[in-house]
Amino acid sequence: MPVSRLVTLIIGLIVILALSLWLIDSLSRLYWQLSYSSPFLGNLLLLLLIVLIGVIIAAFVYYIWIIKVGEQRTRGRSGRKTPQLKIPEARTEVASSTLKAVKQQVEQIQDEVTRQALLTKSREIEVSLTRGEIQVVVFGTGSAGKTSLVNAIIGRMVGKVDSPMGTTQVGETYCLRLKGLERKILITDTPGILEAGVAGTEREELARSLATEADLLLFVVDNDLRLSEYEPLQALAEIGKRSIVVLNKIDLYTEEDKERILARLRQRVGGFIAANDVVAITANPQAVELESGDVFQPDFDILPLMRRMAAILRSEGEDLVADNILLQSMRLGEEARKLIDAQRRRQADKIVERFQWISAGVVSVTPLPVVDLLATAAVNAQMVVEIGRIYGCELNMERGRELALSLAKTLTSLGIVKGAVQLVSTALQLNIGTLIIGKAIQGVTAAYLTRIAGKSFVEYFRHDQDWGDGGMTEVVQKQFQLNRRDEFVKAFIQEAIARVVKPLTNKSEPVEEEVEQGDIKSG
């Protein structure tokens, strides 16, 4: 109970007790006076006194009970867990459940080659989760001494050293055991970044791909960070890569220069890498010629890196693996989502294209004084239902009609119907050069407006039946702007001439000839 409430309760009890004593004393005097004159009234007064005391006690008990129950309910509401979503406590469980959901998502992809490729990738991620290995990737420019660092870590020659940029053509992986860590550590040496030529660009893409799959990243530099090095390091950190910045070749610097470079490095990466994750080493120290003429080869010094790497892997190794698997699963899921979205859009576009010419046919057969999408509400309602079905939303015709009518009213209120009539009339006149019959203009305009409506509904279903912050108006206006571009209008009008204008013109020619002959005879 809060202190303020406790103080209030004590003061209240004192006041009640004092009033009760005063009341009892006053009533007792009155009772004795009445007892001498009228015993009945005295007994009645005594009864009332007992009832009054009982009411006071009951009120007090009730008040205390209400406070207690209220606090328990409050605690219950604040402490109660939401039962709607069960969040696994272990990160490995989160990664495993996410990977399972991604595999179900991949199964929806219709293209067999793409689906199998993504399923293979998902199985590789699943194996990474269960095989018990930590992926450490060495990343950086070709001259920073990455291969020398790998040599020093493994303790034996595993690749060419003192090599020019571009020697490491593919990612080479080596196994390492660390005392006190059950998992095996896989050290991967990557091609250098920032190499010239097409081959260099391809090798850099491979290096970046390997870096994104790392559980722990060793970013090797031999001086202060250049902008071309800073950008990929920052990008990898932003996607969640745990990184250690390794300043190599410190044997080439004085102690003062080394400390100055380290300070600058820690300052530059301070926003996304901790200061103690920037370490200085010498992976392949330069040989020194002694006065006697002998050549002395100093030992490598990578102890600061090994200590930091061991501390990270021992304390965070399990989480790093789980986080990386989760990241890979999410990236795979995003790739699958984009493929499914593109697949659905292609299907939806076919539906829109089919229904736009159906609308043109309906309006051409039964023309109105003005173009009105309300006349094609049934056609558009069916279009909405079919688009919704592609996006996993089953709508009945009544709901489809409501949505179609709502969008038709929006098209009219925004002046898009009038603008469409002008656009279509002008475009047809420019392409044909002769007077176009009204039915053709109305039919082509209906097709154009149905297209805008259909494209708008595609966006609506793509975003889980949500028009967005700007509402239906913003979506419709955007689609109108996209579909009035010159290159689209030109292609649309050419197809409209073939599908709508020519069939109507051919049908009207015999009628026009009969009218002309009748006029001649009557003349």
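In the predicted model, strand 4, helix 7 (residues 227–238) and strand 5 form a β-α-β unit of right-handed sense. Strand 4 is parallel to strand 5 (residues 243–247), and five bridges join the two. Within this pairing, Leu217 has Ser243 of strand 5 as its bridge partner. Strand 4 also pairs with strand 1, again in the parallel sense and over five bridges. Here Val138 is matched with Leu218 of strand 4.

The burial of strand 4 was examined next. Six of its six residues are buried, so strand 4 is largely enclosed by the rest of the structure. In a regular strand, side chains alternate between the two faces of the sheet. Both faces of strand 4 are covered. Leu216, Leu218 and Val220 are buried on one side, and Leu217, Phe219 and Val221 are buried on the other.

Helix 6 (residues 197–212) has 16 residues. The distance from its first C-alpha to its last is 23 Å, close to the 22 Å expected at 1.5 Å a residue. The buried residues of helix 6 are Gly200, Arg203, Glu204, Ala207, Ala211 and Thr212. The elements that cover these buried residues include strand 1, strand 4, helix 7 and helix 9 (303–365). Strand 4 and helix 7, both parts of the β-α-β unit, are thus also among the elements covering the buried residues of helix 6.

Aromatic side chains were considered last. The structure contains ten aromatic pairs. One of them is formed by Phe139 and Phe219, with 5.6 Å from centre to centre and 55° between the planes, and this pair is tilted. The pair links distant parts of the chain, as Phe139 lies in strand 1 (residues 133–140) and Phe219 lies in strand 4 (residues 216–221), 80 residues apart. Both Phe139 and Phe219 are buried. Strands 1 and 4 are therefore connected by this ring pair as well as by their parallel bridges, while strand 4 is largely enclosed because six of its six residues are buried.

A pair with another geometry is that of Tyr460 and Phe461: the ring centres are 5.1 Å apart and the planes stand at 70°, so the pair is edge-to-face. Tyr460 and Phe461 are both buried. In addition, Trp357, Tyr448, Phe480, Phe488 and Phe492 make up one aromatic cluster.

Conventions
Residues are numbered from 1 along each chain as its sequence is written. Side-chain values use heavy atoms; hydrogens and water are left out. Rings of Phe, Tyr and Trp (its six-membered ring) pair if their centres lie within 6.5 Å; planes under 30 degrees apart count as stacked, over 60 as edge-to-face and the rest as tilted. Helices (H or I, at least four residues) and strands (E, at least two) are DSSP runs, numbered from the N terminus. Buried means under 20% relative accessible area, exposed over 50%, partly exposed in between (1.4 Å probe, protein chains only). Two strands pair if DSSP finds at least two bridges between them. A crossover is right-handed if, with the strands pointing away from the viewer, the path from the first strand over the helix to the second runs clockwise. The expected span of a helix is 1.5 Å times one less than its number of residues. Contact means heavy atoms within 4.5 Å.
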